[in-house]
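Dear colleague,

Please find the structure below, handed over for your study. My findings follow directly after it.

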Amino acid sequence: MRSTRAISAVERLKQRTGNPHYAAIGLSGGLFRLVDRASGAEAALSEPLPLDAFVAFVDAVSPAKPKRVSKLDVAFEAQIKRSKR
């Protein structure tokens, strides 16, 4: 169950970078390692990390896509700022 979070982080990384060769390797003791299998061999991209540190590392490898903001969202934010004055 814990590995689901690590695998989800790697799947997000694959989508952001377009590289389908990233993989999470689960090690004993609840540690995870990020590897790249693009060259046919496993190239380790991180040292063994606990789950929370692994997810933070994977999320930092490639920045997330900016969220889409509609005109209505912008207008609503402006209205909130005006009402706080």
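About 6300 Å² of the protein chain is exposed, and carbon and sulfur atoms supply 56% of that area. Please keep in mind that this is a predicted model. Of the 85 residues in the protein chain, 21% count as buried.

On overall form, the radius of gyration of the protein chain is 18 Å, whereas a compact globule of 85 residues would have one near 12 Å. Taken along the principal axes, the box filled by the C-alpha atoms is roughly 55 × 30 × 20 Å. Contacts between residues at least 6 apart in sequence were also examined, and 33% of them join residues at least 24 apart.

The protein chain contains three helices and four strands. Read from the N terminus, their order is α-β-β-β-β-α-α.

Two of the strands deserve a closer look. Strand E1 (residues 22–27) and strand E2 run antiparallel and are joined by six bridges. Within this pairing, Ala 24 stands opposite Leu 34 in E2. The two strands form a hairpin with three residues between them. In its turn, Gly 29 has a positive phi of about 85°.

Which residues make up the largest nonpolar core? There are twelve in all: Ala 6, Ala 9, Val 10, Leu 13, Tyr 22, Phe 32, Leu 34, Leu 49, Leu 51, Phe 54, Val 55 and Val 58. Helix H1 (2–17), E2 and H2 are the elements that give two or more residues to this core.

Two members of the core, Phe 32 and Phe 54, also appear in the next finding. The structure holds one aromatic pair. Phe 32 and Phe 54 form this pair, with 5.7 Å from centre to centre and 35° between the planes. Why is the pair called tilted? The angle of 35° is neither under 30 degrees, which would count as stacked, nor over 60, which would count as edge-to-face, and therefore the pair is tilted. The pair links distant parts of the chain, for Phe 32 lies in strand E2 (residues 31–36) and Phe 54 in helix H2 (residues 51–61), 22 residues apart. Are these two residues buried or exposed? Both Phe 32 and Phe 54 are buried.

Finally, Leu 49 is another residue of the core. Leaving aside residues up to four places away in sequence, Leu 49 touches Gly 30, Leu 31, Phe 32, Phe 54 and Phe 57. Leu 49 thus touches both members of the aromatic pair, Phe 32 and Phe 54.

Yours sincerely

Terms used
Residues are numbered from 1 along each chain as its sequence is written. This is a predicted model: local features need pLDDT of at least 70, side-chain atom pairs count only at pLDDT 80 or more; totals for chains, interfaces and linings use all residues. Side-chain values use heavy atoms; hydrogens and water are left out. Rings of Phe, Tyr and Trp (its six-membered ring) pair if their centres lie within 6.5 Å; planes under 30 degrees apart count as stacked, over 60 as edge-to-face and the rest as tilted. Buried means under 20% relative accessible area, exposed over 50%, partly exposed in between (1.4 Å probe, protein chains only). Two strands pair if DSSP finds at least two bridges between them. A nonpolar core is a set of buried Ala, Val, Leu, Ile, Met, Phe, Trp, Tyr and Cys residues joined through side-chain atoms within 4.5 Å. Contact means heavy atoms within 4.5 Å. The radius of gyration is taken over C-alpha atoms; the globule rule is 2.2 Å times the number of residues to the power 0.38. Accessible areas come from the Shrake-Rupley method with a 1.4 Å probe; for residues, only the protein chains shown count as cover.
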